[in-house]
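This report describes how selected strands and helices are arranged in the structure shown below. Strand pairing is treated before helix packing.

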Amino acid sequence: MAVADKAASHDGQAAPDLLVAGAGVAGLWLALKAARAGLSVTLVERGNPGDGASGGFLGALMPHSPERWNGKKDFQFRALVDLEDEVARLQSETGVVCGYRRVGRILPLATERSRRAAMDRIADAAANWGARFAYTVSHTPDRGDWPNIVRAPHGIVQETLSARISPPGLIDALLSSLAVLPNFDLRLGVEVVDVAPGDRLAKLSDGSNVGFAHLALANGVDAFPMIARLAGLPAQSLGSGVKGQAALLDAGAPPDLPLVYEDGVYVIAHENGRVAVGSTSENEFDDPYGTDERLEDVLKRARKLCPLIKDAPVIRRWAGVRPRAIGRDPMLGLVPGAPGVLAMAGGFKISFGIAHRMADCLVARITGEEGPETPESFSVVTHATKAARDQGNQ
Ligand SMILES: Cc1cc2nc3c(=O)[nH]c(=O)nc-3n(C[C@H](O)[C@H](O)[C@H](O)COP(=O)(O)OP(=O)(O)OC[C@H]3O[C@@H](n4cnc5c(N)ncnc54)[C@H](O)[C@@H]3O)c2cc1C
């Protein structure tokens, strides 16, 4: 392993090969993959791990639709396939249960048009997903009223690629796996407030400075203004937060029920009889963490969609802010104009399915070893170009 740039030391402290800002699903996977590769890693988190968008409980691992295949879809597909083994390794290393199961997914078809489109996608799925995963269109669900047949007048799509995971389980497992690695250091309750890339120095909120060979900004929605500033762009140009609200129900549901997804509503049975329901998508909001009548509306729709949860009591309501990059694809790779600084942000609605592969890409970039290809559409430059185009059109 050859680390491309060597860390300088600062204040008598050896600088880590990789300093990571943010202990959400992105930062934790990155820290783990880098530490496993032999890099010295310091992870700095403003509050506690999972304080950001990763602190929810939905955990849907759903592929993009299989038609019009592109780099992003291919990246996500490979990530969804690999995650099963990644999680098995984490669980066997730590003994922490991640609540992963490849349960598949059902999409009710409300119109004849959507049925015809779904029929066309059968060939796309066969071509792009291969023989291991099925994509079928049928008339009735084979799990009784999961979902309600009345909601599927034109049948259903069933696919076997989708899975689900327990977000808190995964965060715990990542932390447990990291905790035993001697080349890993976790600093909680302190945030990165400024970065001087020329000096390879990050300034922290406790007044200390940390040197780094590489710094990864994996701090969710807060990464966008930092990356923009380092790249010499307007603060809000590279991405924003989209609020989502979700609820957890005590439903006594069988854990092998497939995910149900209809027009923005997810219904996800987990291992412990609980069912997670989500989510709103709000571009404008005053209170990022409050829940309100918009969640009650999603719940109402979910209860109609899946009568099994009709009377199930809500045991938790939660809201968080998803990081969405300007180009909608994740943002991954070098920050232009900031030597040694890397972006790992913008996973939006699919972070739990792809963060481990995004981490592999960055670790390969740092070590110079072979890794997965990063789609061009993920690069900071691509997002910045889109931002400039949008501003030119205003
Ligand atoms: C309601 C809802 C439902 C969702 N459902 C799903 C789903 O089913 N499947 C899925 O894959 N995704 C889902 N998502 C999206 C997913 O949760 C996010 O994409 C993901 O959590 C983003 O992870 P992250 O690590 O990039 O950011 P975050 O989880 O937000 O982590 C960023 C961390 O950085 C810390 N931080 C911020 N600034 C600094 C700083 N300067 N220095 C140090 N630390 C800092 C924060 O405290 C935080 O802990 C959902 C999101 C919501 C809101």
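In this predicted model, strand 9 (residues 192-196) and strand 10 (residues 201-204) run antiparallel and are joined by four bridges. Within this pairing, Lys203 of strand 10 stands opposite Asp194. The two strands form a hairpin with four residues between them, and Arg200, which lies in the turn, has a positive phi of about 50°.

Strand 10 also pairs with strand 11 (residues 209-211), again in the antiparallel sense, through three bridges. Here Leu201 has Gly211 of strand 11 as its bridge partner. Strand 10 and strand 11 likewise form a hairpin with four residues between them, and the turn includes Gly207, whose phi is positive at about 90°. Strand 10 is thus bridged to strand 9 and to strand 11.

A further set of pairings involves strand 14 (residues 259-262). Strand 4 (residues 105-108) pairs with strand 14 in the parallel sense over two bridges, and Ile106 has Val260 of strand 14 as its bridge partner. Strand 14 is also joined to strand 15 (residues 265-269) by three bridges, and these two strands run antiparallel. Val260 appears in this pairing as well, with Val267 of strand 15 as its bridge partner. Strand 14 and strand 15 form a hairpin with two residues between the strands, in which Asp263 takes a positive phi near 45°.

The hairpins are set out in the following table.

| Hairpin | Residues between the strands | Residue with positive phi |
|---|---|---|
| Strand 9 and strand 10 | four residues | Arg200, about 50° |
| Strand 10 and strand 11 | four residues | Gly207, about 90° |
| Strand 14 and strand 15 | two residues | Asp263, near 45° |

The remaining topic is helix packing. Two packed helices are described by the angle between their axes and the distance between the axes. Helix 1 (residues 25-36) packs against helix 4 (residues 167-179) at an angle of about 30°, and their axes are 10 Å apart. Angles under 35 degrees count as roughly parallel; helix 1 and helix 4 are therefore roughly parallel to each other. The crossing of helix 1 past helix 4 is left-handed.

On the side of helix 1, the contact is made by Val25, Leu28, Trp29, Ala31, Leu32 and Arg36. Helix 4 contributes Leu170, Ile171, Leu174, Leu175, Ser177 and Leu178. Sorted by class, this contact of helix 1 with helix 4 has 10 nonpolar residues, one polar residue and one charged residue.

Technical notes. Residues are numbered from 1 along each chain as its sequence is written. This is a predicted model: local features need pLDDT of at least 70, side-chain atom pairs count only at pLDDT 80 or more; totals for chains, interfaces and linings use all residues. Side-chain values use heavy atoms; hydrogens and water are left out. Two strands pair if DSSP finds at least two bridges between them. Axes are lines fitted to C-alpha atoms, for helices over the stretch in contact, and angles run from 0 to 180 degrees between N-to-C directions. Angles under 35 degrees count as roughly parallel, over 145 as roughly antiparallel, 65 to 115 as roughly perpendicular and the rest as oblique. A crossing is left-handed if the near helix is turned anticlockwise from the far one by less than a right angle, and right-handed if clockwise. Contact means heavy atoms within 4.5 Å. Ala, Val, Leu, Ile, Met, Phe, Trp, Tyr, Cys and Pro count as nonpolar, Asp, Glu, Lys and Arg as charged, and the others, Gly among them, as polar.
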